[in-house]
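Trainee: I should like to go through the terms applied to this model and ask what justifies each of them.

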Amino acid sequence: MSISEKLHSLEFTLQLGCKLNCKFCPQETLIRNFKLKGNGITRLSYENFKKCLEKVEKGATVTFSGMAEPFHNRECAKMLKHAYKKGYKIILATTLVDMTLEDFEIIKDIEFDHFILHIPDEEGNSKFLITPEYLEVFKKVVNSIDVEYYSCHGTVHHAVANLIKKDKYAGLDPINRAGNLKSEEYQTYSPKGKITCIVGTDKEKGKWAPSMLPDGTLVLCCMDYGMKHILGNLINQSWAEIQAGEEYKKYIAGLEDDTIDILCRQCNGACEEKNLDSTKLKRALEELKSNPNQTSFQSLGGKIEEDAINIMKKIISARNICVFGLGKLFRDKYFVLSWNKGICANIFSDNNNEIWNKETNGIKCIPPNELTEYKDLLIITHMKNDSEVSKQLDDMGLYNHINIYDIYRIFY
C-alpha cells in the first residue's frame, strides 16, 4: 500500500447537530458517539478549516455536506469561497437552512462541480422551517446556480413544488446508512470477497472520501455516524501519518478480506469485484476474442450496440495501450475501480512534465512526443473534455484514440 502525502478528496462536516433531524439520518447515533469519542468541539473554525484544506492536494474534490447542514456553520460561505479560490473542485449538498442572502452573494459565482439541493417534503420527514426568508434564498439559488438534482424525503412540499425543475427531481431511496439505521424498512447489505466503494452516480462512480468532523476527527466516510473507524485527527496529523495508522490499515485490509469487520460490509455503496464494470469489460473482451462476430455478451447482459463492440475491438487489437491524462479522474477511478485490469494499459502519458519518467504502479509516464515510437498503439484519453488533447494527438499523427467515457458508455 503506497502512502500519499496529501488527500485526494475530503468531506467536511462543519458543525455537529443538525436542525433538520431527518427521519432517514441517524443523528442521535452520531451525537451519542461524538460525546464519547470526540473532544467536544462541535463547530469547525475557519482557521482550522484552512489548515486542514492544505492537507488536500490542489485540484482535488472538497465536499461540503457530511453529517449536518453546512450552513449551520456561519462561516460556511467563506470556507466555500476560499476553497474555490484555492483551485479545489467543490461539491455542495445543502438544504439552504441557515443560508442568508449575504451567503448567497458570496457563493453565487462559484462554479460547483456538483450542487445538490435537499428540499422540503409534505410529510415532515425533514424538519424544515419554511419562512419568507428561506423561500427568498431558495428562489435566488435555483434561479442562479445549476442544481444537479433535488433530493426529497417524501412528497415535494407545495411551497417549493413550482420553483424546481421537475426533470431534476430525484426522490429518496431509503438506505440503512451502512447499518446505522435499524428497521425492517431498510434493505441490508453483506457483500463478500474483495469489494470497492462505488459511491456516486452511474456515470461518476468511485468518489470515496473520508469525512472530517468539526474537531478534526477523521472518520471513514459520511456513512460512519457511529464513528466505527476513527482514522486520526487531521488538525493534529498529516495524511501520511493517518495512513500509517492501524485503523486505516485495517480498513484497507478489510476491503480484501470479508472476515475483517469494516463498515463497508454493511453499505449499499460497496460492490463485489466480480460485479464491477471493469471486471465485466474484462470478461466481455474475452468473449469477443473467442467469437469476433458476436453481438450479444453474457457478461454485459445481452446484445450491445455496434459502437460499443467497435470500442472493444480497438482494445483487443492494440499491441500497446496508453492512458493519456493522469489527473483527478485517473486517480479516482483507474486503479480504484480496477479499470487497469480491463484496459491493461502498458504506457501512461500526460502533458504535465513534472510526472514524466515517474512510475505509477510500475508503469512509466512518458512525454507525449515519445508516443510516436510505439506500434499498434491505442490511446485512451482519461479526462471528461479531451478536445484539446485529441487535436494534439491528431497533429502528431496519432489518430487511434478514444475517450475513457466511450468505455464507460458501454455500461449505461
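Trainee: What makes cysteine 76 count as buried?

Mentor: Buried means under 20% relative accessible area, exposed over 50%, and partly exposed in between, computed with a 1.4 Å probe on protein chains only. Cysteine 76 has 0% relative accessibility and therefore counts as buried. Please note that this is a predicted model, in which local features need pLDDT of at least 70 and side-chain atom pairs count only at pLDDT 80 or more, while totals for chains, interfaces and linings use all residues. Residues are numbered from 1 along each chain as its sequence is written, and side-chain values use heavy atoms, with hydrogens and water left out.

Trainee: Why is cysteine 76 not assigned a bond to cysteine 18?

Mentor: A disulfide is a pair of cysteine sulfur atoms within 2.5 Å. The closest cysteine sulfur to that of cysteine 76 belongs to cysteine 18 and lies 12 Å away, so the distance is too far for a bond.

Trainee: How do you know that cysteine 322 is not bonded to cysteine 365?

Mentor: Cysteine 365 holds the closest cysteine sulfur to that of cysteine 322, but the separation is 8.0 Å, which is too far for a bond. Cysteine 322 is also buried, at a relative accessible area of 0%. By this rule the model has 0 disulfides.

Trainee: Why is asparagine 21 called partly exposed?

Mentor: Its relative accessible area is 42%, so asparagine 21 falls in the partly exposed class. Asparagine 21 sits in the loop between strand 1 (7–12) and helix 1 (27–37); helices (H or I, at least four residues) and strands (E, at least two) are DSSP runs, numbered from the N terminus.

Trainee: What is notable about the phi of asparagine 21?

Mentor: Asparagine 21 has a positive phi of about 45 degrees, although it is not a glycine. Most residues other than glycine have a negative phi. Aspartate 98, likewise not a glycine, has a positive phi of about 80 degrees.

Trainee: How do you know that the buried residues of helix 5 line one face?

Mentor: The buried residues of helix 5 are Tyr134, Val137, Phe138, Val141 and Val142. Seen down the helix 5 axis, they fall within an arc of 125 degrees, so they line one face; the arc is that of the directions from the helix axis to the C-beta atoms. On the other side of helix 5, Pro132, Glu133 and Asn143 are exposed.
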